[in-house]
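Reader: I've got this one open on my screen and would like to talk it through. Shall we start with the charges and then move on to the rings?

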Amino acid sequence: MNGKQRLLAAIAHQEADRPPIDMGATSVTGMHAGTMSLLRGALGLENRPVKVHEVFQQLGYPEEDLLDALGVDVVGLWGYRNFVGVRNRNYQPYDIPHGIPGLISGDFAYDIQPDGSRVAYPRGDRSFPPSMHMPAGGYFFDGITRCTVTVDDCPDPKEDYRDVYTVMTDEEARYYEEESLRLAESGRGVVGLFGGAGFGDVAYLPGVDLRQPRGIRSVEEWMMTFVLYPEYVHEVFSMQLEAGLKNLEIYREAVGDRIQVVMMGGTDYGTQISLMQSAETYRTFYKPYVKKMNDWVHAHTNWKTFYHSCGAVYPLIGDFIEAGVDILNPVQVTAAGMDPVAIKQNYGDRLTFWGGGVDTQHALPFGTPEECRTNARAMLDVFAPGGGYVFNSIHNIQAKTPVENILAVFDEAKRYRYHH
C-alpha cells in the first residue's frame with residue numbers, strides 16, 4: 001500500500017497493512033531543524049543543509065529521501081506565508097541554533113543581538129519593531145507582545161482585526177492549486193494546513209506577522225476579556241468565522257480532493273494538569289464557531305478535520321466530537337487524565353488519533369533507544385487496533401533529541417503490522 005491508501009484507511013477507521021506514519025506534515029508533527037540535520041547524517045543521506053520551514057519553532061522541511069527512510073506516509077500543504085508573514089523562497093544560508101548550517105527564506109529578516117539572542121521582524125520589514133525573540137541559548141522563537149492595549153481601553157474589535165481576517169487572494173489560491181497538484185503526485189496522503197478555525201490561539205495572539213498589531217495582544221489581557229468583555233471575544237470570533245467560511249470556499253476550489261485531511265486549528269485548551277479555561281467557557285465561546293466551520297467542511301468536501309490541542313483535554317473530547325472534529329492531535333497521554341486506554345476505548349470509534357506515539361517530554365529526549373521503542377510499541381498496541389490512528393510523536397521532536405532514539409521509534413512504527 002502507498003501512504004495515501006494507508007491514510008484513507010486510517011481516517012475511515014479501517015486497518016491497512018500498518019498505521020500511517022507522519023513526520024513533518026504539519027507545524028505540530030514535525031522536528032527541529034537541527035535535530036533533522038543530525039538525523040540525516042545518522043541515516044547516511046546526502047549531506048545538504050536542512051531548510052528551516054517553520055521559522056517560529058525552527059522546524060525543518062523533510063525532503064523526500066528522509067521521508068522514504070523513515071517510512072513517512074503523509075505530507076503537508078503548507079500555508080502561502082510562514083508564521084512571521086514571509087514566503088519560504090530564495091533560501092539563504094542560516095545558522096540553526098546552535099552552530100548547525102542550514103537554510104532559511106531570503107525574505108526572513110533577523111538580527112543577532114550582542115548578548116547572543118535573536119530578534120526577527122514582521123514580514124521581513126526592519127522598519128518596524130521586531131515581533132519575535134529567541135533568547136541566547138534558545139532553540140526557537142517566542143512572540144513579542146508589542147501592543148499594550150488592555151481590556152479597560154475599550155478596544156474596537158472591527159478596527160483591531162481588520163487586517164487579520166482577510167479573504168484569500170488569487171495569487172494565494174494559485175499557490176494552493178499548484179502545490180496540491182505537486183503533492184498529489186507523491187503517493188502520500190496530503191494534509192492541508194488551512195488553520196482558519198484556530199479560534200483564540202494564543203500563539204497567534206501577539207500578531208508576529210503584523211507590522212503594527214492592534215487590540216488586545218497579551219495572553220493575560222486576552223483571558224480576562226472572556227469574563228469582563230465577552231462581547232469582544234464573540235465579535236473577534238465572528239469576524240474570523242466570516243472570513244474563514246469565505247476562504248474555505250476558495251481553498252476548496254483550489255485544492256479539491258487532492259487533500260484528504262484539513263488542519264483547521266491549533267488552539268491549546270489544556271495545560272499539563274488541567275483545562276486552560278473551563279469546559280463551560282469552551283462550550284460558550286469556542287464550540288459554536290468551530291462547529292460552523294466543520295459543518296461547512298463536511299457539507300462540501302470529503303476532507304476530515306484535524307485539530308491540535310495540547311494538555312489535559314479529556315473533559316472536552318466529547319465536545320470536540322459534537323463540534324465536528326474528526327482528528328485529534330497530539331494526544332498528550334502524559335497530561336493529567338489523558339489515559340490512552342480510556343481515550344481509545346471511549347472515543348476511538350468516533351475520532352482518529354494523530355500522535356500519542358512516543359513521549360517527547362521524557363522518553364524520547366532522555367530515555368534509551370530500547371525504552372523509546374518499548375514506549376512506541378505500547379502506544380501502537382493501544383491506538384492502532386481498528387484503525388483511526390496515525391503514528392506520530394506527542395508534538396514536535398525538539399532540539400538535542402538523540403537521533404538513535406528517533407530511529408528506534410520510527411523503526412518500530414514501520415515494523416508494526418495489523419493481523420487480519
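Reader: How far apart do the centres of the positive and negative side chains lie?

Author: Keep in mind that this is a predicted model. The chain carries 54 negative side chains and 37 positive ones. Take the centre of each set, and the two lie 4 Å apart.

Reader: What does the radius of gyration say about how compact the chain is?

Author: First, the make-up: the chain has 13 helices and 15 strands. For 420 residues the globule rule gives 22 Å, and the chain comes in close to that, so it is as compact as a globular protein of that length. The radius of gyration itself is 21 Å.

Reader: Which kind of aromatic pair do Phe237 and Tyr286 form?

Author: There are 30 aromatic pairs in the structure. In this one the ring centres sit 5.5 Å apart, with 45° between the planes. An angle that is neither under 30 degrees nor over 60 falls into the remaining class, and the pair is tilted.

Reader: Which parts does that pair tie together?

Author: Phe237 and Tyr286 are both buried. They are 49 residues apart in sequence, and each sits in its own helix, so the pair links helix H7 (residues 230-255) with helix H8 (residues 279-300).

Reader: And what class does the pair of Tyr269 and Tyr286 fall into?

Author: Tyr269 is buried, as is Tyr286. Their ring centres are 5.1 Å apart and the planes meet at 80°, so the pair is edge-to-face.

How values were computed: Residues are numbered from 1 along each chain as its sequence is written. This is a predicted model: local features need pLDDT of at least 70, side-chain atom pairs count only at pLDDT 80 or more; totals for chains, interfaces and linings use all residues. Side-chain values use heavy atoms; hydrogens and water are left out. Helices (H or I, at least four residues) and strands (E, at least two) are DSSP runs, numbered from the N terminus. The radius of gyration is taken over C-alpha atoms; the globule rule is 2.2 Å times the number of residues to the power 0.38. Lys and Arg count as positive and Asp and Glu as negative; His and the chain ends are not counted. The place of a charge is taken as NZ of Lys, CZ of Arg, CG of Asp or CD of Glu. Rings of Phe, Tyr and Trp (its six-membered ring) pair if their centres lie within 6.5 Å; planes under 30 degrees apart count as stacked, over 60 as edge-to-face and the rest as tilted. Buried means under 20% relative accessible area, exposed over 50%, partly exposed in between (1.4 Å probe, protein chains only).
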